[in-house]
Structure formats: structure tokens, C-alpha cells
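Me: I'm new to this one and would like a close look at a single part: the aromatic rings and where they sit. Could you walk me through it?

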Amino acid sequence: MKFDVQGKTILLTGASDGIGKALAIFLIGQGARLAVHYHTNGVSAESIVARCSNGSETFRADLSDEKEVSDLFTNVVARFKRIDTMVLNAGVFLPHSVNGGTVEWFQTWKRTMAVNLDAVGLLTKLGIDHFKTLGRGRLIYLGSRAVFRGETEAYLAYAASKGGITALARSVARSFGKDGIVAMVLAPGFTRTAMAEAFIADHGEETLLNEIALKELTEPEDLAPLLCLMCSGAMDHATGATIDMNAGSHIR
């Protein structure tokens, strides 16, 4: 199946590893021109771009830094002249049990919010302004099952940040549809990434398999076709929707 993202310019944050890398590889393979954002893993980001000579490029930014977030958007527009879709995938999943000290707990809360919500909010504002000049655009957010099922006590900030993203996407969809701007959320459950492997090492894979309805854990590549369909415009009338993809671990 060919998805119609040929020639579309897509800014994908957190594209060098995990879910973001799988999404980037799939989108480039379908012909999209990608702004591949990364923070520390430039080697991986460059390897993604090297797969296709369609003008895709890498862009580095620390999303906990407000200026670097703004510069990222400015640099992508300056290079490509336009952005058709932003996929706001980058995020951190940092434990901060309430059994620890309050100062350290709140530091992790602020770090999580800075990357997972503040940067997303700023990129959303910049995206809305840009899309209004074009008369159309898409904002696709990577949410989480945690918004609807809740998280464990060690990840309160993560769950709260993803809840904020979900409310933001719905509000953008309602407020800017007449400007040609659509917004949707793709909400995965537990997905096999480097972060997941650390959890598996501590708790065992069987613990996670017992949570889901299928026989195997979700892989990052499982999310890519649906995300690409969302980028193509074929799902624009689902604006405001959250699409669950959690292997049946939480069914609403």
C-alpha cells in the first residue's frame, strides 16, 4: 500500500531512536521529505537521512531549552520554506517515585514537563502561525495509554504531560479547523524500545505480556503505517481524535 506523503515536508521530533526512528524510516521510505530532529544521537539521525536522497536533513535541538525549540522551527522553515505536518513525538519517561525526596521529585517533574509539554506547546503555537499562512497543516501528537488508564506512582509527571498533550490536540482541532489545521493523537501502550528493555530487564517480559491481549509486545514499526496515514491527509476528518494502539491493554 502506498501512502500519499510523497513530497510532503514533515518535521518529526525525537526521530533518532525508538518509536521516532521507526516512524522516520517509514515516512522517508514513503517519499516524505523529513526534518529529522535529534538531541544527542546525531549518528543515528544521519543514518536515517542517508537512506534516501530526497532532501531530508537532520536538525539538532535540546527541547528543554526554549530558545533551541524556537530555533529548531525557524531553521526547518528556513531550509525547506514550508512544513506540511509536524509529528511531535519527542518525550522523556523519567521515574520519580513519591518515596524519594520532594526537591528531586519536583526537578524530574519540571524536566518532564519542559520536554513533553512545554516544547510541544511552543511548537504548536509556531506551527499554527505557519499553517495559517499556508491555509492548511497537520499537527500529530504522540500521546500515551497512560492518559486514560493512569500510570504507576513513579511516572506521575509523564502521565500528566501526556494528558496535557491530549487536551491541547483536541483544543487545536476545535479552534483551528476552519483555518485548514487538523490535530490528532496517536496513543501507544507499552512499546519495545530501549526504555522498555530497561523495564523488561527489571521486571521480566512476562509481566508486560500479561497486560496485553495479543501474543507479542508492540514494536515501534507497528505504529508507523497508521502514523503515515495520519500524515497523508486521508484521516483529516478524524481531527480531534485519539487513536489507541496498545495491543488491547486498555480498551475504551
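How many aromatic pairs does the structure hold?

Reply: Happy to. Keep in mind that this is a predicted model. The structure holds four aromatic pairs. Let's take a couple of them one by one.

Start with Phe-59 and Phe-80, whose ring centres are 6.0 Å apart and whose planes make 70 degrees, an edge-to-face pair. Phe-59 belongs to strand S3 and Phe-80 to helix H3 (residues 66-80), so this pair ties together parts that lie 21 residues apart in sequence. Both Phe-59 and Phe-80 are buried.

Next come Phe-93 and Tyr-158. Their ring centres are 4.7 Å apart and their planes stand at 85 degrees; the cut-off for edge-to-face is over 60, so this pair counts as edge-to-face. Distant parts of the chain are linked here: Phe-93 is in the loop between S4 and helix H4 (102-134), Tyr-158 is in helix H6 (residues 156-176), and 65 residues separate them. How exposed are these two? Tyr-158 has a relative accessible area of 14%, and buried means under 20%, so Tyr-158 is buried. Phe-93 comes out at 22%, so it counts as partly exposed. Tyr-155 joins in as well, since Phe-93, Tyr-155 and Tyr-158 make up one aromatic cluster.

One more ring is worth a look, this time with a charge. Arg-252 lies over the face of Phe-148, 3.7 Å from the ring centre.

Now for the sheet that Phe-59's strand belongs to. It's an open sheet of seven strands, paired in parallel, and the order reads S3-S2-S1-S4-S5-S6-S7. Strand S3 (57-60) sits at one edge and strand S7 (242-245) at the other, each pairing on one side only. From one strand to the next, the twist averages 20 degrees.

At the S7 end, strand S6 (residues 181-188) and S7 pair in the parallel sense over four bridges. Look for Leu-186 there: its bridge partner in S7 is Ile-243.

Helices pack on this sheet too. Helix H2 (residues 42-49) touches strand S2 (33-38) and S3, and its direction makes about 175 degrees with that of S2. Helix H9 (residues 220-232) also packs on the sheet, touching strand S1 (9-12), strand S4 (85-88), strand S5 (137-142), S6 and S7. The direction of H9 makes about 170 degrees with that of S6.

So if you go back to Phe-59, you'll find its ring paired with Phe-80, in a strand at the edge of the sheet.

Key. Residues are numbered from 1 along each chain as its sequence is written. This is a predicted model: local features need pLDDT of at least 70, side-chain atom pairs count only at pLDDT 80 or more; totals for chains, interfaces and linings use all residues. Side-chain values use heavy atoms; hydrogens and water are left out. Two strands pair if DSSP finds at least two bridges between them. Helices (H or I, at least four residues) and strands (E, at least two) are DSSP runs, numbered from the N terminus. Axes are lines fitted to C-alpha atoms, for helices over the stretch in contact, and angles run from 0 to 180 degrees between N-to-C directions. Contact means heavy atoms within 4.5 Å. Rings of Phe, Tyr and Trp (its six-membered ring) pair if their centres lie within 6.5 Å; planes under 30 degrees apart count as stacked, over 60 as edge-to-face and the rest as tilted. Buried means under 20% relative accessible area, exposed over 50%, partly exposed in between (1.4 Å probe, protein chains only). A charge sits over a ring if NZ of Lys or CZ of Arg is within 6 Å of the ring centre and within 35 degrees of the ring normal.
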